[in-house]
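Got your viewer open? Here's a stop-by-stop tour: each stop tells you what to select, and then what you'll find there.

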Amino acid sequence: MTAVSKEYLADPAPKPEKKLGTRHFVTFMLFLGMANAYVMRTNMSVAIVAMVNHTALESDQEVFDDECPATDYGNDTGHHQQDGEFTWTSSLQGYILSSFFYGYVITQIPFGILSKRYGALHFLGWGMLINSVFAFLVPVSARYGGWGWLIVVRFIQGLGEGPIVPCTHALLAKWIPPNERSRMGAAVYAGAQFGTIVSMPLSGLLAEYGFDGGWPSIFYVFGVIGVIWSILFIWLVYEDPSVDPNIEESERKYIMSSLWGTAKITSPPIPYRAILTSLPFYAILFAHMGQNYGYEMLMTELPTYMKQVLRFSIKDNGILSALPYLAMWLFSIFISWVADWMISSNRFSHTATRKIINSIGQYGPAVCLIAASYTGCDRILTVALLTIGVGLNGGIYSGFKINHLDLTPRFAGILMAFTNCTANLAGLLAPITAGNLIEGKPTMGQWQIVFFIAAGIYLFCATFYNVFGTGKRQPWDNPANDVVQPTIIQPIDQSHNGITNGTTTTSNGTTTTSNGTTIPAHRTTNETNH
């Protein structure tokens, strides 16, 4: 392994005067990648409505509660639902929609490990390219291969999207200085909400007015956008500042010195035992699991409550459907600037900042869920609580979601792979729990139990994070503790006769300086690390 350069273990270099640098460009590209990923994930839910022949299917007898009067408020009564070309039952549609998710989940940890060993950039770029190319095959597989081949194609798309979160985290760890992580990280992950805001209405328009029968154009258009982004990302973005030939030297030194020399050493072995016995890691894990469970409840089950109990479907109104996502996107950007100000002003530590902002992001939705269970038949208040709850949830991007980078810049992708995989599985429990509790009896009393369970999980997980979480870099990710092997240390040949200005290590482990002095290997290692 290469030893850590003294230059980058010194005090951080001053921040470049130039306001926008290469790290901002990398952040913007990752933002677009995250938006594209969520477009690919959600566009099928819109397209399948236009793909299915609803008239040919027997309508499911959905049970409604009669505690609230029926209303047309929020429904687009003038909308005519056009029948599609496939007679897929509701259960089969569920399998089709979930096939992407299973491909996505099973690749989280493998890609997290591989990105640490071989680099994150190409796994992310090529993975999204595969995702985008297979989008072109969705209409073909559905029309000529049947639902079985469609499930296979969507599963492969999920496999391609698997690297997006762990590899994005790994790249953020290499490119973003600690004092800028909140707003840069939030900006990137806010791409999820941005992608959803854009894809839902645009997919609806393409399904209605697009070419080749409408719904296929959804996959063609977004497939082309995804291919273009993937090629540009692989071509223009580099793994880290040390290998980017276009970055200014002042910005390179600023980033690498701020990151405690992380880009100046080769990858050490992954400290699995240290990670799995680390309470701060479990603090993030619990927060992430509580987040996915609560988010699924807010975004999927609360609208179901409004339909079954309040007799009002928010999904039928495009503007209201986008409000929660828009609120989360805007609030996440705002609170990220607040978080970075808290840190850079030295008024709050990294630990205090993460816990305060994360508390807003998880305690806030918990309160909104509890309040929603007492709104009675007030539809406007319920929509307001949904929007506020999801909006406040944007605080998690500057809370636990970016905390992986604080604990371990070098293993952030690994940590994110573990927590994101587990959290996605925890998110599956939300609809299962709600379904079992309300099946056949969707009363306000039963729904109140559903909301209280979700709020309790939010409260417990956020409190666990506040007790055991930290913003400090962990001892098991200290480059000074790496086992350093003798190797060549930054040779710079400045002559034509082979004289090297620097130090070289010979095969017997001794090091020779430019003036001919020979130093034993153990002295070189110790002095370089200290």
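One term first: a residue is buried when its relative accessible area is under 20%, exposed when it is over 50%, and partly exposed in between, using a 1.4 Å probe and protein chains only. This is a predicted model, where local features need pLDDT of at least 70 and side-chain atom pairs count only at pLDDT 80 or more, while totals for chains, interfaces and linings use all residues. Residues are numbered from 1 along each chain as its sequence is written, and side-chain values use heavy atoms, with hydrogens and water left out.

**Stop 1: helix 10**

Select residues 215-236. That's helix 10, with 22 residues; helices here are DSSP runs of H or I, at least four residues long (strands are runs of E, at least two), numbered from the N terminus. From first C-alpha to last, helix 10 reaches 32 Å, close to the expected 32 Å. The expected span is 1.5 Å times one less than the number of residues.

Now colour the buried residues of helix 10, among them Trp-215, Phe-219, Phe-222, Trp-229 and Phe-233. Small ones to pick out in that buried set include Gly-223 and Gly-226. What covers them? The cover on the buried residues of helix 10 includes helix 2 (22-51), helix 5 (121-135), helix 6 (137-161), helix 7 (164-175) and helix 9 (191-209), where contact means heavy atoms within 4.5 Å.

**Stop 2: helix 2 and helix 5**

Go to helix 2 next. It has 30 residues and reaches 43 Å between its end C-alphas, close to the expected 44 Å. Centre on Thr-42, where helix 2 bends by about 35°; the bend is the angle between axes fitted to the seven residues ending there and the seven starting there.

Then hop over to Trp-126, in helix 5. Trp-126 is partly exposed, at 47% relative accessible area. Draw a distance from its C-alpha to that of Glu-161: the two are 35 residues apart along the chain and separated by 9.6 Å.

**Stop 3: aromatic rings**

Show the Phe, Tyr and Trp side chains. Rings (the six-membered one for Trp) pair if their centres lie within 6.5 Å; planes under 30 degrees apart count as stacked, over 60 as edge-to-face, and the rest as tilted. The count by this rule is 17 aromatic pairs. One of them is Phe-211 with Tyr-220, stacked at 6.0 Å centre to centre with 5° between the planes. Phe-211 is partly exposed, with a relative accessible area of 47%.

Why does the pair of Phe-286 and Phe-464 count as tilted? The ring centres are 4.6 Å apart and the planes sit at 35°, so the pair is tilted. Phe-286 is in helix 13 (residues 279-308) and Phe-464 in helix 20 (residues 444-468), so this pair ties together parts 178 residues apart in sequence. Phe-464 is buried at 17% relative accessibility, whereas Phe-286 is partly exposed at 27%.

Also select Phe-28, Phe-31, Phe-194 and Trp-329, which form one aromatic cluster.

**Stop 4: charges over rings**

A charge sits over a ring if NZ of Lys or CZ of Arg is within 6 Å of the ring centre and within 35 degrees of the ring normal. Try Arg-183, whose charged end sits over the ring of Trp-337, 4.9 Å from its centre. Then try Lys-401, with its charged end over the ring of Tyr-189, 4.8 Å from the centre.

**Stop 5: salt bridges**

A salt bridge here is a side-chain nitrogen of Lys or Arg within 4 Å of a carboxyl oxygen of Asp or Glu. How many does the structure hold? There are 6 salt bridges.

Start with Glu-180 and Arg-23, which meet at 2.8 Å, N to O. Glu-180 is in the loop between helix 7 and helix 8 (181-189), and Arg-23 is in helix 2, 157 residues apart. Glu-180 is buried at 1% relative accessibility, and Arg-23 is buried at 1%.

Next, Lys-174 and Glu-239 meet at 2.5 Å, N to O. Lys-174 belongs to helix 7 and Glu-239 to the loop between helix 10 and helix 11 (249-258), 65 residues apart. Lys-174 is partly exposed at 25% relative accessibility, but Glu-239 is buried at 16%.

Finish on Arg-354 and Asp-406, a salt bridge with its closest N and O atoms 2.5 Å apart. Arg-354 lies in helix 15 (residues 350-372) and Asp-406 in helix 17 (residues 400-407), so the pair ties together parts 52 residues apart in sequence. Arg-354 is buried at 0% relative accessible area, and Asp-406 is buried at 3%.
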